[in-house]
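This report describes the architecture of a single protein chain, beginning with its overall composition and continuing with its sheets and a helix pair.

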Amino acid sequence: MAAIIGAWAIGIALYAWIWPWGIGILILCALVIRTSQLKRLWLLGLVLLVGSGWAGLRVPRPSAADISQAVPCRACTVIGRLQGVPRKEPGQARFVLQVEQLGDKSATGLLQVTYTGAYPADLGSGDRLRLQGMLRSPNQAMNPNEFDYRTWLAGRGIFAVLSSRSLERLAARQDPIPVQMLANLRSAVATRLQAAMPVVSADFLLSLVFGAGAAPVERSLQDDFQAVGLQHVLAVSGFQVQLLIASLLGLARWARLGRVPGILLSACLLWVYIALTGFPPSVLRAGTVASLGLLALLRWRSLDPRQGLLAGGGLLLLIQPHMLFDLGFQFSFLATFGLLTSAEGWARRLGFLPLPLAVTLGSLLAAQLWVMPIQLLHFGSFSWLLLPANLWAALWVPLLSYGALLATLLTPLPLVLGALGGLLHLCVQAFVAGVHGLATLPVGLEYVPHFGPVMVGLAYMALFASLSAQRVARRILLTSLVALPLWGWSTLSAQEGSCPVRVTFFYIGQGDATLIEAHGQTLLIDAGPRSERNGQVYDAGERVILPYLRRNRIGHIDRAVISHAHLDHYGGFQGLLDAGFPIRELHIVNAPYEGETYRHLLHQFHRAGTRIRPLQMGQSEAWAGLELETIGPVRIHDHAEHETVNNHSVVLRLTHDQVRILLPGDAEAEAEQDLLAHPEVLQAEIIKVPHHGSDSSSTPALLAAVRPRDAIASAGIGNRYGPPAAEVASRYQAAGATFWRTDQQGAVCVCSQGTGYRITAHHSRP
């Protein structure tokens, strides 16, 4: 069974062109097949091919009537039915709508809605709604290693999103009676829990038992749990399923229901609970496996837990093969597999500890080791606090889970629930306080760059080999352990050798942020915008630049430059400072206009120990094997008009042997005319298009002086300012330059070898 399910998973993976995974698993399957078993090998090959074909057939695709066919639409009216439980967040609510109409025409498909108006308290699944707002495609990943929201939604059959501030309920839900009963039960449990204890503790327990969509958990609490590697605790998982099954079987035995009625009742209540959680993959996997186990008990047979896990996972992949790529499914399956195969062995190795501690720690090590390669692939990091944090969670999560499940059963008894609620509140406070204490320790996340699919394959080869006592398995284990660091080191060395100087123009919305990496040194020119809307703060430094720095193990910024005092250029530095990220030197232009926000930021730089230096026009210096020239601003005006601030932009030219890059900030026509007094210092192979491609910049005279081969415009998708202007793009193309734009192609990266360079974009080449 294991080999067949493994071959099926390989076929699904191969369809998605994740070939290193497939090859790695295929090698593992081959290890357990004797050369004489050719028929079995042919069978596995056939299963692999069928799995790949089935995955292709099951790829979610929009139909001709799908609402995504109308994208984009700035002012659309959509009618449909609310699906599932809305996820409420500060200032907004998110939910899925089953579309029925678009305007006065019929339409189909699912729509992800973000609603920022007054949310009706009694709104529930199945209600018929009319919404008005902007219809668009989901956001793509626009920067390296960024979460791809569009792909994630597409895997769930959603191909469009709607941003709305207008909602009208046309009709109450008309779901079947069982669905209404489940929705009412969930709502009643939430209401009674929130009445029995402080809302913060009630929301925490609801998230623990029913999933993250049941109640919004405070952002600070989420940050603490994420910092210590416990983010999975805030989402319902297979652990709660295990507790529920054990409790139900125990209650059935206590009530002397008999074996068959007890098992059947337990199975029915189990699927009621799974329906209440909304069928997340981890719970669905655990519920399927648990049901197979109950079925085996019913037939007077014992079921090997590992076989049950494989059978349950294989059944889910047969129904929906693309669940293989769901993080929740991957994490829960691998953690459970690790517990079933390795926990006992680790407990024996830790026999010098007290037995309860050895068993608990052994289980944690087994689960985390099997999850770690996937975690490093997706997130590139792990926390050194993982084990102590999970030990602390192991003390409290079972208690809180049992308590929350008991509170669910006691919903009809408000007096008893009130007493239990007070006790649970104290337990939640103690657990959260411990997590917060760990999160404040000076031990951060450890980032492992370039941990790709090949390294994942090697890691799992080592883990599978460690389960076997055969000599060949030991050799595979030793080879993998040696190959893992060697592969990572060789990959990193090859990339650094082919790209000694890397210049990354991030996509950060409407603004600028450019990072230069050269021979172990870093220079950040601008950090993008910081804005607040509907209570949600977007900080480009926190959301885009900081993850990139950490994923690439960049521990500090040697130099930073603020080109001029506009928030779309300096706002993101706030997120870097708030995160305590070291910035050693800051270079600015002394100009009369600054503004209160800008002055406050400079004060924070000073408090953080950053050395602040003014840039001088005409200054040239060697840095990290490059030449940095400050060639503007030529003039500083003494008034604070918006256009004048743009003309105060720092203009830099970076030279790496024969490759020159001109970085003119938001300089407009007036500043460009000043620069043309010395046209020889403007020549460059690459230019960052001034002022995001606005028609107030990039004059023909400037292009004639620069003579660029490539021009890169930084702009936000659908920005209200309009750049880059079509006229400007045509001007560059007529001058013989390739025109790149971050709003269409995402981050643009320049790799310079000194004698030449290459440019790549996160999406397709222009």
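What percentage of the 766 residues in the protein chain is buried? Buried residues make up 49% of the 766 residues, where buried means under 20% relative accessible area, exposed over 50% and partly exposed in between, with a 1.4 Å probe and protein chains only.

The model is predicted: local features need pLDDT of at least 70, side-chain atom pairs count only at pLDDT 80 or more, and totals for chains, interfaces and linings use all residues. Residues are numbered from 1 along each chain as its sequence is written, and side-chain values use heavy atoms, with hydrogens and water left out.

## Confidence and overall composition

The mean pLDDT (the predictor's confidence in each residue, from 0 to 100) of the protein chain is 81, and 81% of its residues reach 70 or more. Over residues 17-24, pLDDT stays under 50, and the model has 13 contacts beyond four places in sequence for this stretch; a contact means heavy atoms within 4.5 Å. Residues 31-36 also have pLDDT under 50, with 5 contacts beyond four places in sequence.

The protein chain contains 26 helices and 25 strands. Helices (H or I, at least four residues) and strands (E, at least two) are DSSP runs, numbered from the N terminus. Of the contacts with a separation of 6 or more, 70% are between residues 24 or more positions apart.

## The sheet of seven strands

An open sheet of 7 strands follows the order 17-18-19-20-21-22-23, with mixed pairing. Two strands count as paired if DSSP finds at least two bridges between them. Strands of a sheet pair through backbone hydrogen bonds, either parallel or antiparallel. The edge strands are strand 17 and strand 23 (738-741), each of which pairs on one side only. From one strand to the next, the twist averages 20°; such angles run from 0 to 180 degrees between N-to-C directions, and axes are lines fitted to C-alpha atoms, for helices over the stretch in contact.

The table lists pairings within this sheet.

| Strand pair | Sense | Bridges |
|---|---|---|
| Strand 17 (residues 620-623) and strand 18 | antiparallel | 4 bridges |
| Strand 18 and strand 19 (residues 651-656) | antiparallel | 5 bridges |
| Strand 19 and strand 20 (residues 659-663) | antiparallel | 5 bridges |
| Strand 20 and strand 21 (residues 686-688) | parallel | 2 bridges |

Residue partners can be followed across these strands. Ser-620 has Glu-629 of strand 18 as its bridge partner, and Glu-629 in turn stands opposite Arg-653 in strand 19. The bridge partner of Arg-653 in strand 20 is Leu-662, and Leu-662 stands opposite Ile-687 in strand 21. Thr-630 stands opposite Leu-652 in strand 19.

Two hairpins belong to this region. The hairpin of strand 17 and strand 18 has 2 residues between the strands, and Ala-624 takes a positive phi near 50°. Strand 19 and strand 20 form a hairpin that also has 2 residues between them, and Asp-657 in the turn has a positive phi of about 55°.

Why is strand 18 (residues 626-632) described as largely enclosed by the rest of the structure? The reason is that 6 of its 7 residues are buried. In strand 19, 6 of the 6 residues are buried, so strand 19 is likewise largely enclosed by the rest of the structure. Val-651, Arg-653 and Thr-655 point one way from strand 19, while Leu-652, Leu-654 and His-656 point the other way, and all are buried.

## The sheet of eight strands

A further open sheet has 8 strands in the order 16-15-14-11-10-9-24-25, and its pairing is mixed. Strand 16 (611-614) and strand 25 (757-761) stand at the edges, each with a single partner strand, so one side of each lacks a neighbour in the sheet. The twist averages 15° from one strand to the next.

Helix 21 (residues 596-607) packs on this sheet and touches strand 15 (583-588) and strand 16. The direction of helix 21 makes about 145° with that of strand 15. Elsewhere in the sheet, strand 24 (residues 748-752) and strand 25 run antiparallel and are joined by 5 bridges. Ser-752 stands opposite Tyr-757 in strand 25.

## A helix pair

The axes of helix 13 (residues 355-379) and helix 16 (residues 453-466) come within 9 Å and cross at roughly 175°. The two helices are therefore roughly antiparallel to each other; angles under 35 degrees count as roughly parallel, over 145 as roughly antiparallel, 65 to 115 as roughly perpendicular and the rest as oblique. Helix 13 contributes Leu-369, Trp-370, Val-371, Pro-373, Ile-374 and Leu-377 to the contact, and helix 16 contributes Pro-453, Val-456, Ala-459, Tyr-460, Leu-463 and Phe-464. By class, this contact has 12 nonpolar, no polar and no charged residues. Here Ala, Val, Leu, Ile, Met, Phe, Trp, Tyr, Cys and Pro count as nonpolar, Asp, Glu, Lys and Arg as charged, and the others, Gly among them, as polar.
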